[in-house]
Amino acid sequence: MMMNESRSSTSSPGSGGPLLEVKDLDVCFGARGRSGEVAAVRGVSFGIAPGEILGLIGESGSGKTTVARAVMGLVRSATGSVRFEGREMLGLSERALRKVRRRLHLVFQDPYDSLHPGMRVREIVEEAMKIHRVGDRASREAAISAALEEVDLTPSSRFTGRYPHQLSGGQRQRVAVARAMVLDPALVLADEPTSMLDLSLRSGILEILKRHRDTHGTGYLFITHDLALARHLCDRVAVMLGGRLVELGPTEAVVATPLHPYTRMLLQAVEELAPPSSSRAGYPINDQAQESYATIASGLQEVAPGHYVACYEMSQPTLDRPTTEKEE
Amino acid sequence: MSGTRMGRVGATILLLFVVAAVFAPILAPHDPALRTTQPFAAPSFAHPLGANDVGQDILSELIFASRLSLTVGFVTACLATILGAAVGIVGGYLRGPVDTVLMRGVDVILSLPFLPLMIVLAAFLGQNTTNLILVIGLLIWARPARLIRSQVLSVRESGHVQAARAMGATHGYVMVRHVLPRVTPLVAAQFVRTANVSIMLEASLAFLGLSDPFQKSWGAILFYANARSAFLTDAWLWWVLPPGLCIAAVVVSFAFLGYALEERVDPRLRSTLPTSEPSSGSGTPMPVREDALR
Amino acid sequence: MSTLLEVRGLNTVYRTTEGQIRAVDGVDLSVGRGEILGVVGESGSGKTTLATSLMRLIKPPGRILKGGEMLLDGEDLFRLPRSEMPARRGRDLALIPQSAMHALNPVIPVDKQVAEAITTHGEASRKAALRTARERLVEVGIPPERHSAYPHELSGGMRQRCVIAMAIVNEPKLVIADEPVSGLDVVVQARILRLISDLKESRSLSMMLVSHDLPTVTRVCDRIAVMYAGRIVETGEARTVFEKPLHPYTRALVEAVPRVRGPKQDLQSIPGDPPDLHHLPPGCNFEPRCPAAFADCKTVDPSLEEVEPGRKVACLLYHDDERE
């Protein structure tokens with residue numbers, strides 16, 4: 001791939017060695033040795049600096065969740081390179097992986113499913129500390145309260161004894177975030193953490209993530225399908241399509257001057273869903289465009305400082321309707 | 001009858017038998033091992049259910065026999081459920097070759113003809129209660145194992161299991177802390193079911209004369225009744241019917257308990273739950289998920 | 001524009017272990033012919049219960065209280081015997097349910113399913129029904145070669161189109177759509193909404209669209225009703241409500257919308273917890289979370305009053321007469 005990871009990390013804020021470097025990540029699913037193998041992720045490369053929030057944008061089936069799972073070492077069939085704090089993650093033994101997992105944490109999409117229904121909030125938040133045998137009883141108790149206060153579940157004593165079913169959806173997701181924060185990880189992977197929540201609760205969660213980044217310097221990989229949401233949280237965004245990265249750059253640059261046609265299509269859709277005051281002028285959404293882009297071999301090229309795009313039509317300022325003849 | 005009512009009725013009947021078993025020496029009017037009246041005596045005030053062929057009091061026999069029947073039921077159920085839950089959880093959670101090997105084992109046991117095999121084993125190993133429990137237990141764990149495994153398959157995909165894995169938890173930790181609590185209601189229901197089956201099997205074996213000849217059980221009473229042709233005389237009323245009713249009552253009480261427990265596991269059996277989604281008026285029926293529990 | 005649907009005093013209650021809750025609390029609303037009314041609310045606001053109540057598909061432990069009216073073309077559907085309703089569903093009223101995957105039968109090709117929706121209502125022959133079904137499928141944008149596909153062979157967007165075809169195939173007077181685009185990708189959402197707008201133009205479709213997503217609803221709807229804790233707290237022309245929200249709750253909803261254009265503003269979230277229908281405050285339901293609340297809000301329960309022509313708000317800030 002064309003992207004030079006050392007350059008990407010120096011161009012990201014808060015440089016001082018990248019926290020996470022993913023290079024040429026490939027993940028294939030399907031029956032081993034049979035022809036039915038499906039490439040879920042192909043040649044994905046990106047980096048995250050400490051204290052940086054990278055948004056990974058894509059629609060369902062684009063492979064964005066698979067990237068996160070591969071970073072966590074939860075996917076066995078990943079090839080390429082995933083370096084976390086300078087250490088290669090792919091191919092690590094189960095035992096070594098368990099140690100690394102203290103430093104990175106996953107927040108799931110569905111807060112109704114990701115909390116054990118039979119455990120109290122205290123036990124849920126404490127679990128990671130127990131697994132890694134961190135602290136004694138008193139210090140754990142203090143860490144639990146601190147983590148709960150940090151996600152605005154105050155006073156924490158009101159919540160520690162509750163079971164998940166006694167909490168609202170927003171509160172559950174906060175518990176999930178508190179669980180992720182309690183060991184003070186270096187990197188948090190958040191997989192659509194707000195997509196199941198009501199609009200009015202989303203901003204609360206985003207606020208917590210931002211604040212935590214500011215105070216603890218945690219890096220985030222924030223996975224979402226919503227560019228508007230990413231704009232409010234992320235320093236940089238990476239757009240995925242059909243298992244590949246098609247565009248990567250500072251959020252404002254990507255939103256203001258989207259280069260790849262697919263990014264433009266996504267933005268157009270977001271604008272169309274946005275309130276009616278925004279102008280309708282933009283790029284037409286083509287129903288078949290998505291499939292045809294997916295087949296294009298893409299290498300990322302840097303077109304502006306830190307702004308990379310897969311070379312397809314990006315040089316053409318006026319976008320013609322993409323060809324559709326081969327899809328039906 | 002609602003599930004909770006059934007559960008309560010079942011528990012009450014079962015409790016009566018447990019009390020009878022525990023306090024047998026106090027409750028029984030005579031020592032069942034002693035000859036206390038004429039052989040084949042008809043019911044009288046002193047011997048409400050008459051006497052058997054050697055003059056032992058049948059009511060006392062019946063009360064003491066509940067000890068063996070219940071013990072066999074509980075111990076065997078413990079054995080089979082623990083084995084079944086362990087195999088089901090390990091297989092369902094780890095998947096892969098471990099699962100394949102375990103499930104092939106389950107298949108083999110499920111395909112064996114139960115009763116003939118047990119008769120052969122019981123005859124071969126010798127007629128004592130420990131062997132009986134081992135034989136029954138080792139043959140009936142397969143069904144619970146299969147059922148528990150199918151639920152584990154869905155639990156392992158749930159978010160909190162993934163979260164625990166991502167946190168760095170070991171497989172053992174996840175199985176004990178995350179998977180086991182989620183399948184506990186199913187395990188409890190299977191325990192009851194297995195206890196039921198083993199009481200029936202014990203009675204069957206004893207009726208065929210394959211139980212410990214020195215221990216009284218309801219099946220054994222029936223065996224002697226049959227051997228002394230009680231089925232052909234008036235004696236069936238006090239010699240055959242009572243043990244038969246005891247077996248039936250215990251089995252029914254276990255079945256009631258099991259139903260109440262299963263209803264708590266499977267909300268679709270609960271009748272008064274609001275359905276979440278109305279289907280459109282012109283729509284087609286909603287697909288019903290394959291039932292994983294029966 | 002004449003009125004097609006007029007709902008007055010609709011109350012739907014649920015019996016729970018903690019007592020009875022009013023999921024829909026005295027709702028009045030109307031839908032004009034060829035109009036799309038958007039009902040917006042968060043989870044637990046009663047919007048889905050409202051949709052289900054109008055279809056008369058509420059099941060125990062829920063029930064619709066007597067005394068409410070639902071006039072569709074002048075006829076009170078709440079007075080009809082229950083046995084009459086199946087014949088009306090699909091013909092007078094059609095529902096586009098929340099999940100397209102569950103609404104379709106996985107073992108029947110989609111054109112047959114749409115045709116079935118016609119034949120269950122009698123008259124048409126199987127052949128004619130299938131022909132009509134295919135016409136509708138084309139109309140919602142499914143190419144002929146995909147008509148005999150099974151639901152699992154179609155993408156989420158295609159399935160949603162099938163469900164829409166099924167809803168309009170009997171030319172119902174009113175279509176009720178419950179979150180028709182939630183759970184779909186943004187690009188697909190935009191297309192489905194465009195389809196709904198197009199259908200509204202071409203067939204002068206009358207519709208009630210229920211959603212939690214205020215901007216989406218604003219885009220396709222003519223009027224909006226905002227629900228909170230089972231009540232309508234604000235109604236009005238869609239754009240006006242979005243651009244100049246009056247009720248503090250509506251305002252908070254608008255401020256929570258992330259925007260991709262224009263200056264980047266901080267997103268606002270609504271403080272406090274969603275309302276607990278078992279323990280509603282004595283005054284205004286929104287008072288505990290309201291930034292603009294004043295003393296009277298704790299005691300006076302505001303009614304929905306007209307503040308401008310076509311604009312109603314249930315908030316004491318705009319009710320001068322109620323303050324006394």
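Biologist: How many helices and strands does chain C have?

Modeller: This is a predicted model. In it, chain C has 10 helices and 13 strands.

Biologist: How do I read the overall form of chain C? What radius of gyration does chain C have?

Modeller: Compare the value with the one a compact globule would have. For 324 residues that would be near 20 Å; chain C has 21 Å, so the two agree. Along the principal axes, the C-alpha atoms of chain C fill a box of roughly 65 × 50 × 40 Å.

Biologist: What share of chain C is buried?

Modeller: A residue is buried if 20 or more other C-beta atoms lie within 10 Å of its own. By that count, 49% of the 324 residues of chain C are buried. Contacts along the sequence add to this. Take the contacts in chain C with a separation of 6 or more: 62% of them join residues 24 or more positions apart.

Biologist: Now a single helix. How many residues of α4 in chain C are buried?

Modeller: Helix α4 of chain C spans residues 110–119, and eight of its 10 residues are buried. Among them are V110(C), V114(C) and I118(C). Charged names appear in that list too, including D111(C) and E116(C). The cover over the buried residues of α4(C) includes α5 (126–139) and α6 (156–168) of chain C.

Biologist: And α10 of chain C? Which of its residues are buried?

Modeller: In α10(C), residues 248–255, the buried ones are P248(C), Y249(C), T250(C), A252(C) and L253(C). Look at their partners next. They pack against α8 (214–220), β10 (223–228), β11 (231–237) and α9 (238–243) of chain C, and also against α7 of chain A.

Biologist: That brings in chain A. How many residues does each chain give to the contact?

Modeller: Chain A gives 36 residues and chain C gives 34 residues. On the chain A side, α7 (199–216), α8 (227–233) and α10 (261–273) each supply at least two residues. That side divides into 17 nonpolar, 10 polar and nine charged residues.

Biologist: How do I read a sheet? What is the strand order in the eight-stranded sheet of chain A?

Modeller: Read across the strands. The order is β6-β7-β8-β3-β9-β10-β12-β11; the sheet is open and its pairing is mixed. At the edges stand β6 (104–107) and β11 (300–304) of chain A. Each has a single partner strand, so one side of each lacks a neighbour in the sheet. Neighbouring strands are turned by 20° against each other on average, direction ignored.

Biologist: Within it, how do β9 and β10 of chain A run, parallel or antiparallel?

Modeller: Antiparallel. Six bridges join β9 (residues 236–241) to β10 (residues 244–250) of chain A. V239(A) stands opposite E247(A) in β10(A).

Notes
Residues are numbered from 1 along each chain as its sequence is written. Chains are lettered from A and ligands numbered from 1 in the order in which they are written. This is a predicted model: local features need pLDDT of at least 70, side-chain atom pairs count only at pLDDT 80 or more; totals for chains, interfaces and linings use all residues. Two residues are in contact if their C-beta atoms, placed from the backbone, lie within 7 Å. Helices (H or I, at least four residues) and strands (E, at least two) are DSSP runs, numbered from the N terminus. The radius of gyration is taken over C-alpha atoms; the globule rule is 2.2 Å times the number of residues to the power 0.38. A residue is buried if 20 or more other C-beta atoms lie within 10 Å of its own, exposed if 12 or fewer, and partly exposed in between; C-beta atoms are placed from the backbone. Two strands pair if DSSP finds at least two bridges between them. Axes are lines fitted to C-alpha atoms, for helices over the stretch in contact, and angles run from 0 to 180 degrees between N-to-C directions.
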